[in-house]
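Here are a few exercises to work through with the model open beside you. Try each task before reading its solution.

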Amino acid sequence: MASNSLQGKLGTFALIALGVSGVVGSSWIYTNGKFFEEYGAGGMIFGLALGTILAACVALSYAQLTSLFPRAGGEVVFSYTVLGRPLGFLTGWLLIGAYVSSLAFYFTSFGVLLEFYIPEMANFPAYTLAGATVTWPIITAGLLLTALFYVLNARGASFGGQLQVVLFIALVGIGLSLAVVGFGAGSWENFWPPFDEDQNPTLSTLRFVVPGMTYMAGFGLIATLAEDAKLPAKKIGELVVATVLIAGLFYCLVLASSAFILPWEQVAGMEQGTITAFTEAGFPFLGALAFSIAILGLLTSFLGLFMATSRIVVALARVNLLPNRFAAIDPKYGTPKNALQLVVAITVILGLLGRGAMTAFLDTGGIYLGIVWIMVVACHLRLRTRHPSRYHSSKLRAGFVPIIGAAGAAMTIALAVWPGTSMSLKWPLEYIVLLGWAGVGFAFYAASKPMDRDEALAELLGENKLAEEI
């Protein structure tokens with residue numbers, strides 16, 4: 001008998017809010033000064049635009065597969081069904097590693113961001129780890145944030161979806177305000193030429209494509225939350241691509257506004273990037289609003305990733321790749337409480353490591369996501385020959401365009417794991433984290449008990465016509 005299904009309560013706008021907000025984080029709004037200095041305003045903005053296009057290519061595969069397999073876990077469902085059990089586990093394990101790394105980072109960063117206006121957050125040190133001091137106020141802020149989002153998620157996806165819609169509207173509204181003032185009160189001359197004389201325009205743009213693609217990480221949330229949606233499968237698939245394009249446009253508009261409001265060479269090197277730029281341009285209120293984007297981006301990303309991680313756990317548990325108790329659905333609220341509690345535990349444990357250790361987890365998390373993108377494209381290409389009837393029944397067709405995005409992801413991974421590049425992992429800590437997560441995953445997989453494939457698909461896909469045909 002298949003596990004109980006999650007309650008489909010999320011509508012179109014809630015899914016877009018969760019998807020876009022899961023992509024738009026917080027640090028980009030105050031670190032762009034450093035990137036302007038290194039790549040030029042043009043390098044960062046044009047490189048991010050190109051990274052968005054590559055991510056959209058991968059999103060086409062997500063769209064087609066999500067329209068065919070609208071179940072919790074998204075990428076896990078695709079990989080298990082099309083590529084088999086081992087690669088299904090690999091996909092899920094990498095996603096958990098990537099998402100909990102971000103959650104743990106947000107656990108710490110919430111208090112760190114508050115330090116901008118509440119200096120006391122830096123008082124009362126608890127311990128020092130990896131060269132960074134962790135304070136009691138920062139720990140408390142992280143615990144409260146995690147507890148709040150656990151309660152919201154445990155009461156039903158609609159609660160989290162409603163909050164996400166409110167936060168998303170605020171995020172977009174503030175971003176548009178910055179864009180209107182930046183372009184209206186600023187000038188084209190502040191932006192053009194968008195490169196310094198010693199910066200090669202083509203090379204600087206291409207160099208930012210790699211970090212630009214990592215900025216787009218998280219668009220798979222819609223696929224992961226597909227079972228929570230009350231929409232046709234085809235519509236859910238289309239929203240995956242829409243998420244990428246909306247998030248990329250938002251990034252580029254806000255970043256460009258900070259290059260219009262002041263000469264971008266002046267913004268380059270500013271400690272708080274866009275926040276400082278609007279303040280020094282005579283708009284301190286907008287500078288404060290730019291800071292609020294950092295807070296809102298953190299909150300919306302935390303909420304979206306928190307929900308998505310629990311659904312990945314559910315998908316793996318449904319087929320015994322994690323303990324089956326994590327697949328249980330609360331009969332009253334229709335939420336995976338056990339999976340949510342596991343996500344809370346991992347988030348708190350890793351979050352307590354503090355800022356010093358978080359960089360290592362974030363950097364390796366980017367590699368995990370790159371591999372998952374490649375796996376999803378492989379699923380899409382393999383589906384044509386493995387399950388031709390399902391492939392041809394799809395109303396969405398991605399064609400071979402996603403291969404371009406997969407190539408970009410492969411480039412990202414190669415630059416990260418190969419020593420000596422500008423994107424290389426830090427030796428030896430980050431390589432240890434990479435191998436350590438792989439080792440723990442191997443232990444879980446080795447301890448798992450295989451299921452009959454037909455039974456596993458019934459659990460993973462639901463006992464419906466789709467499961468029977470596969």
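Helices here are DSSP runs of H or I with at least four residues, numbered from the N terminus. Keep in mind that this is a predicted model.

**Exercise 1. Place Leu249 and describe its surroundings.**

Task: find which helix holds Leu249, and decide whether Leu249 is buried or exposed.

Solution. Start with the helix: Leu249 sits in helix 10. Next, take the accessibility. Exposed means over 50% relative accessible area; Leu249 has 53%, so Leu249 counts as exposed. Now look at the neighbours: Leu249 joins Leu176, Phe183 and Leu253 in a nonpolar patch on the surface, and together the four have about 340 Å² of accessible area. Finally, ask where the patch comes from: helix 6 (157–185) and helix 10 (233–261) each contribute at least two of its residues.

**Exercise 2. Examine a salt bridge within one helix.**

Task: work out how Glu238 and Lys234 are placed along helix 10.

Solution. First, the contact: Glu238 and Lys234 form a salt bridge whose closest N and O atoms are 2.6 Å apart. Second, the spacing: the two residues are 4 residues apart in helix 10, and therefore about one helical turn separates them. Third, the accessibility: Glu238 is partly exposed at 32%, and Lys234 is partly exposed at 33%.

**Exercise 3. Follow two salt bridges that span the sequence.**

Task: for Arg207 and for Arg311, name the salt-bridge partner and say which parts of the chain are linked.

Solution. Take Arg207 first. Its partner is Glu38, with the closest N and O atoms 3.3 Å apart. This pair connects distant parts of the chain, since Arg207 belongs to helix 8 (residues 201–215) and Glu38 to helix 2 (residues 28–68), 169 residues apart. Arg207 is partly exposed at 34% relative accessibility, and Glu38 is partly exposed at 38%.

Now turn to Arg311. Arg311 pairs with Asp228, the closest N and O atoms being 3.0 Å apart. Arg311 lies in helix 13 (residues 284–318), while Asp228 lies in the loop between helix 9 (221–224) and helix 10, so the salt bridge ties together parts 83 residues apart in sequence. Buried means under 20% relative accessible area. Arg311, at 0%, is therefore buried, and Asp228, at 1%, is buried too.

**Exercise 4. Complete the salt-bridge picture.**

Task: how many salt bridges does the model contain, and which residues are linked with Arg71 in a network?

Solution. The count comes to 7 salt bridges. For the network, Arg71 is linked with Glu227 and Arg318 through salt bridges.

How values were computed
Residues are numbered from 1 along each chain as its sequence is written. This is a predicted model: local features need pLDDT of at least 70, side-chain atom pairs count only at pLDDT 80 or more; totals for chains, interfaces and linings use all residues. Side-chain values use heavy atoms; hydrogens and water are left out. Patches are made of residues with over 30% relative accessible area and no salt bridge: like charges are joined within 9 Å, nonpolar side chains (Val, Leu, Ile, Met, Phe, Trp, Tyr) within 5 Å. Accessible areas come from the Shrake-Rupley method with a 1.4 Å probe; for residues, only the protein chains shown count as cover. A salt bridge is a side-chain nitrogen of Lys or Arg within 4 Å of a carboxyl oxygen of Asp or Glu. Buried means under 20% relative accessible area, exposed over 50%, partly exposed in between (1.4 Å probe, protein chains only).
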